[in-house]
Amino acid sequence: MAMDYPVDFRCPISMELMQDPVTISTGVTYERKNIEKWFFYYKKKTCPTTMQSINNFEITPNHTLKRLILSWQNEEAARSRDSLKHDELVSLLAAMESTPFKVSSLKNLRAIVELGHDVMDDFIKCGGVDILVQIIAQILVESLDFAAFRACEEALGTLHLWLSLPDHEKIIHFLSMPESMKSFAMILQRGSAEARFHAVAIFRKLTQADYNWDKFVIQDQGFELFRSLLEIVSDDQICSKASGSALELLIDILGTSKRSRLKAVEAGAVCILIELQPDSNPSKCEKMLLLLKLLCECAEGRQAFVEHGLGIAAISKKLLHVSSANTKIAVKILWLICSYHPSERVLEEMLIVGSVNKLLALLYIRNRPSTKEKVVKIFKLHGNFWRQYPCFPCDFKDYLESC
């Protein structure tokens, strides 16, 4: 191994790598213990390299050279570790294609991949992503096999590591394959809390990469996908992080794919979101209101909303209550209902639960012009109906005509 050391890092006396380099008066650098032995044990009065006579036996630490040697040693150690990691990586990938005990191999693989970006690049070059995708797709064939399902969860956890990297686009193609998508959807239904979170996170990355949800939602897994996501949203105990991510994923899908909204309505999204409103925190409340607004933009969503006994009451409670953003969305929902489903029952319910009074108050409070405009439109459409009730202001007609 000594012959692998750079010449300038070797002591001229021993030809070994210097640990404590020092320089003598002739300007030549040696290992401290070797030059001290030369001067003080052997009583030499010459420079070992140049054979010049020496009168000054002072030695000076060569800090610059020592730093260079340490830096070179660190680089060599890193290269050695990378070589070992590569060999271990290749060995694990080869074993995974044949061993029936994939879970332990996948855990070891995940530990290696977590070591850094360089290992991940090596992993891709060795075909690791393709192998993991095959393992994930295996649950479509062996859906009742517990070992296959656990292997799928571990493989999913390894793929999830890429999502935080800036160049995760390298594996988007593999993740968006039909077999992968169906497997992720199955994990959403039956996976562990961590695996469900990983599946939701991967779906969100696909959405950000402009994945076209129409075919998957409409033709393949739409109903079951929405049922699984709504179950995660409904149950914080599954995983609170997954619950918030599932809401954001639903917004991503329904916001970009209008055809998917019907599937979401069929999966019971409107009812679930209405019933979750009373106990939701401000952050989740706004996301759920936004989802209800998206669903009410289609006829089936509005029908499901008005048929639910708590729909109007739940939305009215958010007016002037949580935030201006929530109020804006709630007004939009009520405007959609009043414009397309203005049945007598709906209008009476709005009066009874306090929607009308809150909408009246909004007209006298500083709001966004678009919000106030929708409130005015609601009263222009149905003010005559509400005027027959004694609680409705008698001079309000004049106010509307001035708007």
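Here is a short chat between two people about this predicted model.

Colleague: How many helices and strands are there in the protein?

Modeller: Helices dominate the listing, if you go by the numbers. The protein has 21 helices and three strands.

Colleague: What share of the residues counts as buried?

Modeller: The protein has 403 residues. To count as buried, a residue needs a relative accessible area under 20%. The share that makes it is 47%.

Colleague: And the surface, how much of the exposed area do carbon and sulfur atoms supply?

Modeller: The protein exposes about 20400 Å². Of that area, the part supplied by carbon and sulfur atoms is 53%.

Colleague: What fraction of the contacts with a separation of 6 or more comes from residues 24 or more positions apart?

Modeller: Take the contacts in the protein with a separation of 6 or more as the pool. Residues 24 or more positions apart account for 64%.

Colleague: On to charges: how far apart in sequence are Arg-150 and Glu-153, and which helix holds them?

Modeller: Their side chains meet in a salt bridge, 3.0 Å from N to O. About one helical turn separates the two, because they sit three residues apart in a helix spanning residues 146-160. That helix is H6.

Colleague: Is Glu-153 buried or exposed?

Modeller: Its partner Arg-150 has 22% relative accessibility, so Arg-150 counts as partly exposed. Glu-153 comes in at 10%. The cut-off for buried is under 20%, so Glu-153 is buried.

Colleague: Which residue forms a salt bridge with Lys-287?

Modeller: The closest N and O atoms of that pair are 3.0 Å apart, and the partner is Glu-248. This one links distant parts of the chain, 39 residues apart, with Lys-287 in helix H14 and Glu-248 in helix H11. At 25% relative accessibility the partner counts as partly exposed, and again its name is Glu-248.

Colleague: Where do Arg-345 and Glu-349 sit?

Modeller: The two side chains form a salt bridge at 3.2 Å, N to O. Arg-345 is partly exposed at 44% relative accessibility, whereas Glu-349 is buried at 15%. They are four residues apart, about one helical turn, in helix H18.

Colleague: Which residues do salt bridges with shared partners join into one network?

Modeller: By the salt-bridge rule the total for the protein is 13. Shared partners tie some of these residues together, and the network is Arg-204, Glu-248, Asp-252 and Lys-287.

Colleague: Which residues touch the most other members of the largest nonpolar core?

Modeller: That core has 109 residues. Phe-305, for one, touches residues including Val-270, Ile-274, Ile-333 and Ile-337, leaving aside those up to four places away in sequence. Another core of 15 residues lies apart, with Ile-24 and Phe-39 among them. In the largest core, the residues asked for are Leu-109, Phe-305, Leu-359 and Trp-386.

Colleague: How many disulfides are there?

Modeller: Cys-298 shows how the rule plays out: its closest cysteine sulfur, in Cys-296, is 7.8 Å away, too far for a bond. A pair would have to come within 2.5 Å. The count of disulfides is zero.

Colleague: Is Cys-298 buried or exposed?

Modeller: For reference, Cys-285 has a relative accessible area of 1% and is buried. Cys-298 has 14%. The limit is under 20%, so Cys-298 is buried.

Conventions. Residues numbered from 1 in each chain as written. Predicted model: local features only at pLDDT ≥ 70, side-chain atom pairs only at ≥ 80, totals over all residues. Heavy atoms only, no water. Buried < 20%, exposed > 50% of the residue type's maximum accessible area, 1.4 Å probe, protein only. Contact = heavy atoms within 4.5 Å. Areas by Shrake-Rupley, 256 points an atom, 1.4 Å probe, with all protein chains shown as cover. Salt bridge = Lys/Arg side-chain N within 4 Å of Asp/Glu carboxyl O. Core = buried A, V, L, I, M, F, W, Y, C linked by side-chain atoms within 4.5 Å.
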